[in-house]
Structure formats: structure tokens, C-alpha cells
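Student: I'd like to go through this one and ask how each label is earned. Can you put the values next to the cut-offs for me?

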Amino acid sequence: MTTINILSQNMVNKIAAGEVVERPASVVKEMMENSMDASATRIVVDVEDGGKKLIRVSDNGCGMDADDIVLAFAPHATSKIITDDDLFAIKTLGFRGEALASIASVSQVEIVSRPSDAIEGARLEISAGKQSPVTPAAASCGTTITIRNLFFNTPARRKFLRTANTEMGHIIEQFTRIALANTETHLSLTHNGRTVHDLPDGQTLQQRIGLLFSSDLADALFPVSRKERDIEITGLIAHPQQSRTGAQWQYIFLNGRHIRDRFIGHAIREAYRGMVEINRRPVVFLFLRMPPADVDVNVHPAKTEVRFSNSNMVHSQVLAAIRDRLLSSDLTMPLRGGDLTGTPVVPSSSQGTDADSSQDRQEHQERVRQAMADFFKSSASRQTAMNNRPAGHTPVRAVPNQDAFSKPPDLLSHSGAPVTDDASFMETPGSPPVSAGPIPTAEQYTDRHIEDERAYTDEIGPVLQIHNTYIVTETQDGFVIIDQHALHERILYEELSRQLNRGPLAAQRRLIPEVVDVTAEQIAGAENHTELLDEMGITIEQFGPRSIAVQSFPVLLDKADPGEFVRDLLDLFLERAGNLSREELIHHVLDMMACKAAVKAGDPLTEVEIRALLAQRRLIQQSGTCPHGRPTTIRLSLAELEKQFKRT
Ligand code: ADP
Ligand code: MG
């Protein structure tokens, strides 16, 4: 027979700690939030050994007297809610009353606190939930809590902690979120005695972003502001060119609390649709305010997820706020070096030229897209009229909201096989296209077309580049349209993996190291991946507290911008390294390299270059798809053409 026991309170706290306290960064978050709730105007966070050894948070807030200090560590002890109604009108960051109890059950805590009206402070020590008596202590007004040896009594969890650098990365992220939401407060963070951040009080959001991230980013921001019904949205959004590869660059705050929300994430993607390359994420800092009764913040122990009573409304407001700003003419003006009417943001001059060329490129691509759309649209209607879909055909992909263009699936297929999904001319960032049928894997695709590859004659026939984007060339039984970027990307990917199999990538030492502004978190990420960076032929050194110098860079990437590349790479490390195997991570890095180094859509190519590209095409195994699995090539057979021209 089983015996049911009631767990001891300390055990209950330890279990709760598993929910609230995942790692040192969770402690930093809870402590800083308590300090903010105590109306502190200055908070100092000192960390040793990634928080594994020590975390100390000192504030000048309201403090606690001797009685409250003892109570604060009792489970479900909170000064922030009293009645049921309070739970639905939460204005503080904390309210569950479990952080201190949970933390104290899995660490050694010392607290010293003094309210402003007391003549002396009080001190309490707790180790693994066991309290010692409170003693008087000399202290200035406010509270200092020191947490030592987190998880010392739960070895399984202690073992789970990562390197000091990784843990510090998480701490910096939590610190950053609180710092963004509280620009009035003086906040500082040190690690092993070294200053990571020191943010003066009374900053604007833009100034704070400049200090937390980089002045480049701060200079490319646009204000947004919108109020409708009870929802108010303010904040800064970055120019599409500032997009990054990681989602952690989207900071969303609701009533002062950092949250993650997939509705809002989706609205942001929708708003930037068509302006940001696929696989990249726009950078935004958004602050939502709404009546506390319209949102439930009590759905997640760390309160990072919330439930809106009207999430559709939130979605449409966020979309409208960003979209209106992006579509307003001010967006391109300042970046072209023009007048900054109404924009508090001064762009750096170098962005002007980039913006010009990218603007041209965007317009150009838009024209190509339109021309292709027209072509396929008219072919589609003809095709539908003929109503002779090959048997066994599977529609390939339905791309939602693709109003410019919807591709007739069978037109481009070869003997009914789904040849192409959204080829790169119809690439749409944003929500992934809904798959309406099987999409061939790279292997399937290659198998299916291996015959074709053979039929592709040794002699390269006449070649033609259209719209500086596609290459058209004859095959024995028709012609192929090749996406120059996708093909080159595939070729480079293969070349890079081949080189890497033999050893580190060939690198070139830079005469003048490129200095890149990065975040403290990115520096920590780089330190964690020095070995991988070495293999990739990238040498970076820390250069000041928030910048690094790129000393060497792979030869094959001579067309890429080392600074931009390294920054994206560090984002990738932060975002993905935790849940990818080493092989997968390498695949992603090579992918990024190939994409950056490849010719782009819109690059004019000489005939010699085109022929060189086509010659290399036959040397690689899977020329049929780019590393992302998109097809590089669309084939049209003579038979297909004849059908189109109603010759059959
Ligand atoms: P919660 O924040 O959910 O109320 P905590 O366990 O984090 O629960 O804290 C318990 C109580 O301790 C708080 O409600 C508050 O009254 C008090 N407290 C905690 N930290 C501080 C601080 N830095 N300054 C003043 N009071 C604090
Ligand atoms: Mg709290």
C-alpha cells in the first residue's frame, strides 16, 4: 500500500523553486523586480562566476523592518496583493510572493535592509531555507540581498548550470530587459569586479539603447505611438536594414513587464513583411499599456507569458502602429541623409549610401517580381482555360496574402512533379507559407531530376541574364531558368563544407582590424565559441568593453562585410547554440557564409561570370536546391512550351 505524505514546507518551496528559479538569471530578474517594486532609483547588481558563486542586488528602495524581513521569506508572503480584486489589477512586477522563499530554499541568502524611517537596519541569514535570528545591522536606506552558491543543496540542478559565460549571457539579457523598461533608474551590473553596464538615471529610451547595444542601432530607430480604445503603444522600431538573425532583438513590454507573445511576434513580422530578408528579424522596442483587468499575467511562473482578453485587438494595434510608421515617407528620407522632420533620430552618414543601393535594389526586385507575376498570371489563366492538369499532380504551396502573385503550381512542374516551391523571386518574409502538399526534400528533388542533369549537355549553350537576377540557358529538351543567387549560394556552401572537411577555412589577416560594436552578451557568446570561430577562419579580440575587433576573416567571404557578418554570427550563437548540435550549428554558419558571399539578385554578371557559374553548377551534387532547400532552377521542356503555345 502506498503512503501519502504531506510535503514539508521547505520541500514545497524547493519544488516551487524549480518553476521560478531556473538559473542565476532568474534570481537577478526576481531581485531587480523586487527593487523596482520598492521604488528604488538606483540598483547595483554584482555577479561572480556567472552568478553561480554570488549574486548581490542592492537598492535604495523603501526597505523592510526586522518583522517584514522574516515575513518576506515565508512562502506566499507578499505586500503587493491583499484582496481577490487586487489580483486583477496588478500594478507591481511581483505579486506571487514566492520568489524569496524559493530562492532561499536552494541557496545561502543574506539580507540587510533598512526602511528610511528606521535608525538602524536589520540582517538575516538563511541557508537552504533555515533562518538564523534577525540581528541589528548598520546599513544605508534600502535593501541588499546576497545569494551565494545557488543550487548548492540540489546537486542535480547545480550540475545543469552552464559555463559562467553562458550564465552571464542570460543575466545580461534579464538586466537589459529591466533596463529598457526603466530608463529613469540608475542601473549597474558588474561581473567578477568588471563593469558590464553602468546606465545613468534619467535617460531616454534611445540613449539607453545606445549604451546597451550600439549607437549604430540607436541612430536607426523611429518612434511609434498609437492609442486606440484602451491600448496604448509607444516605442522605437528599427529601420528594416537593422534586422538581425535572432528573435531576442524584439523587446516587448506590457505595463512595464517584459513579455513574449506570439500574437505580437506575428504582428511585427506582418508589419515588416517584404522589407526584411527572409530568416531575419526586425529589431523593435515596444511598450504596451492597457488596463490591468484586460490581461492575465498570472499564467506563467516567471510571468513572461500573458493572456490578453482581446488578443486580436492587440495584434491589429501593433501591426497598425508599426506598419503606419514604416509606410510613412519619413522612413527613407532620413536614411538618405535628408531632413529629419519629426524624427528624433540622427542616422550615421554611412547608412545613406547603403540605403540608396538597397532602395534601388528593392525597387528593381519589385519590378522583376511584378514582371514575373504578370507572366505567370497570364500563363495561369491560359492554363486554367485549358483545364488539363496532369494526373497525380500535387499543388505545391499556397502562399497566404501573396496578393501580388499566386503561382499556378503545375505550370512549372516537370512531368507533374512539384518542381518549385516559393522560388526566391517570391520570397516572403513573415509567417511561413502554409504547406498544401509535400515539398520535395533536397534528396528527392535531386533524384527526380538526375536524368535532367545528365541531359544538361557538356557544352554550355547560349546564356542570357534577365533582370540581373536570373540566368536562362538552353538544355537538350528545352531551357532552364536559374536563380543566380540561390545557385551561387549552393556552390559556395559545398565549397565551404569541402574546405572545412580538410581543416580550418583559409583566412586572411586584415591589415586594419574591423571594430564592431557588440553587446556584453555577444562578447560572452563569442568567448564560448572560440574553437568554432577558429575553424571558420575568424579571429576576433575584445576591444574595449563593448566592442570587438575582427582580426582575420575567411578568404572565400571577401565580398561580405566582416562586421555585419560577425554580428549576425554572434546573434546566431546566442539564439541557437543552446539547442543545436555542433554539426547543426556549423551547417547554419556555413549557410550564412554562403548566403553573404554569393552574388545577389540584381548583380549584373558578365558572360564569363555566367559561364563560370554554370560550369561549377555541374561539379556539385545538389545543384537543384540552395542550402535552404529552395530550388535554384526551374525547367521548361519544349513539350511544355508547345503545350503553352497550343501546338499540341
Ligand atoms: P513578491 O514580489 O511576489 O511579492 P517576493 O518573494 O519576491 O514576492 O518578495 C516578498 C516580499 O518581500 C515583497 O512583497 C516585498 O514586500 C518584500 N521585498 C522583497 N524584496 C524587497 C526589496 N528589495 N525592497 C523592499 N521590499 C522587498
Ligand atoms: Mg518579487
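Tutor: Sure. Start with the ligand: an oxygen atom of ligand 1 sits 3.3 Å from a backbone N or O atom of Ala99. Keep in mind that this is a predicted model.

Student: What makes the pair formed by Ala99 and ligand 1 a polar contact?

Tutor: The cut-off for a pair of N or O atoms is 3.5 Å. The Ala99 pair comes in at 3.3 Å, so it counts. Thr143 has a side-chain N or O atom 3.3 Å from a nitrogen atom of ligand 1, and for the side chain of Asp59 the distance to a ligand nitrogen atom is 2.9 Å. Both values are within 3.5 Å, so these are polar contacts as well.

Student: How much of ligand 1 does the protein bury?

Tutor: 93% of the 530 Å² that ligand 1 exposes when taken alone. The shell around ligand 1 draws two or more residues from each of α2 (24-37) and α5 (99-105). In total 19 residues surround the ligand, with Asn34, Thr78, Ser79, Lys80 and Gly97 the closest.

Student: Which loop holds Pro75, and why is Pro75 called partly exposed?

Tutor: Pro75 is in the loop between α3 (66-72) and α4 (84-87). Its relative accessible area is 28%; partly exposed runs from 20% to 50%, so the label fits. The C-alpha of Pro75 is also 5.3 Å from that of Ala101, although 26 residues separate the two along the chain.

Student: Why is Ile540 called buried?

Tutor: Buried means under 20%, and Ile540 has 19%, so Ile540 makes the cut. Ile540 belongs to strand β23 (residues 539-542). Beyond its sequence neighbours, Ile540 contacts Ala526, Leu533, Ile548, Ala549, Val550, Gln551 and Val566. With Ala526, the C-alpha distance is 8.3 Å and the sequence separation is 14 residues.

Student: How do you know that Glu521 has no salt bridge?

Tutor: A salt bridge needs nitrogen and oxygen within 4 Å. For Glu521 the nearest side chain of opposite charge is Arg177, 7.4 Å away, so that pair doesn't qualify. Glu521 is buried all the same. It lies in helix α16 (residues 520-528) and touches Gly169, Ile172, Glu173 and Leu574, with residues up to four places away left out.

Student: What makes Arg307 and Asp296 a salt bridge?

Tutor: Their closest N and O atoms are 3.8 Å apart. The limit is 4 Å, so the pair counts. This pair links distant parts of the chain, with Arg307 in strand β16 (residues 307-308) and Asp296 in strand β15 (residues 295-296), 11 residues apart.

Student: Why is Arg307 called exposed, while Asp296 is called partly exposed?

Tutor: Exposed means over 50%. Arg307 has 52%, so it is exposed; Asp296 has 29%, so it goes into the partly exposed class.

Student: What separates Arg490 and Glu494 along their helix?

Tutor: About one helical turn, because they are four residues apart in helix α15 (residues 484-502). Their closest N and O atoms are 2.9 Å apart, which is within 4 Å, so this is a salt bridge. Both Arg490 and Glu494 are buried.

Student: How exposed are Glu228 and Arg226?

Tutor: Both are partly exposed, Glu228 at 33% and Arg226 at 21%. Their salt bridge has its closest N and O atoms 2.7 Å apart. A search of the whole structure finds 18 salt bridges, and Glu110, Arg123, Glu125 and Arg148 are linked in a network of them.

Student: What is notable about the phi values of Asn192 and Asn468?

Tutor: Phi is positive in both, near 45° for Asn192 and about 50° for Asn468, and neither is a glycine. Asn192 is in the loop between β8 (186-191) and β9 (194-199), and Asn468 is in the loop between β19 (463-466) and β20 (470-475). At 48%, Asn192 stays below the 50% line, so it is partly exposed. Asn468, at 26%, is partly exposed too.

Student: And what share of the protein chain is buried?

Tutor: 52% of its 648 residues. The chain has 21 helices and 25 strands.

Definitions and conventions. Residues are numbered from 1 along each chain as its sequence is written. Chains are lettered from A and ligands numbered from 1 in the order in which they are written. This is a predicted model: local features need pLDDT of at least 70, side-chain atom pairs count only at pLDDT 80 or more; totals for chains, interfaces and linings use all residues. Side-chain values use heavy atoms; hydrogens and water are left out. Buried means under 20% relative accessible area, exposed over 50%, partly exposed in between (1.4 Å probe, protein chains only). Lys and Arg count as positive and Asp and Glu as negative; His and the chain ends are not counted. Contact means heavy atoms within 4.5 Å. A residue is near a molecule or strand if one of its heavy atoms lies within 4 Å of it. A polar contact is a pair of N or O atoms within 3.5 Å; within protein, one must be able to donate a hydrogen and the other to accept it, and residues adjacent in sequence count only if both atoms are side-chain atoms. Accessible areas come from the Shrake-Rupley method with a 1.4 Å probe; for residues, only the protein chains shown count as cover.
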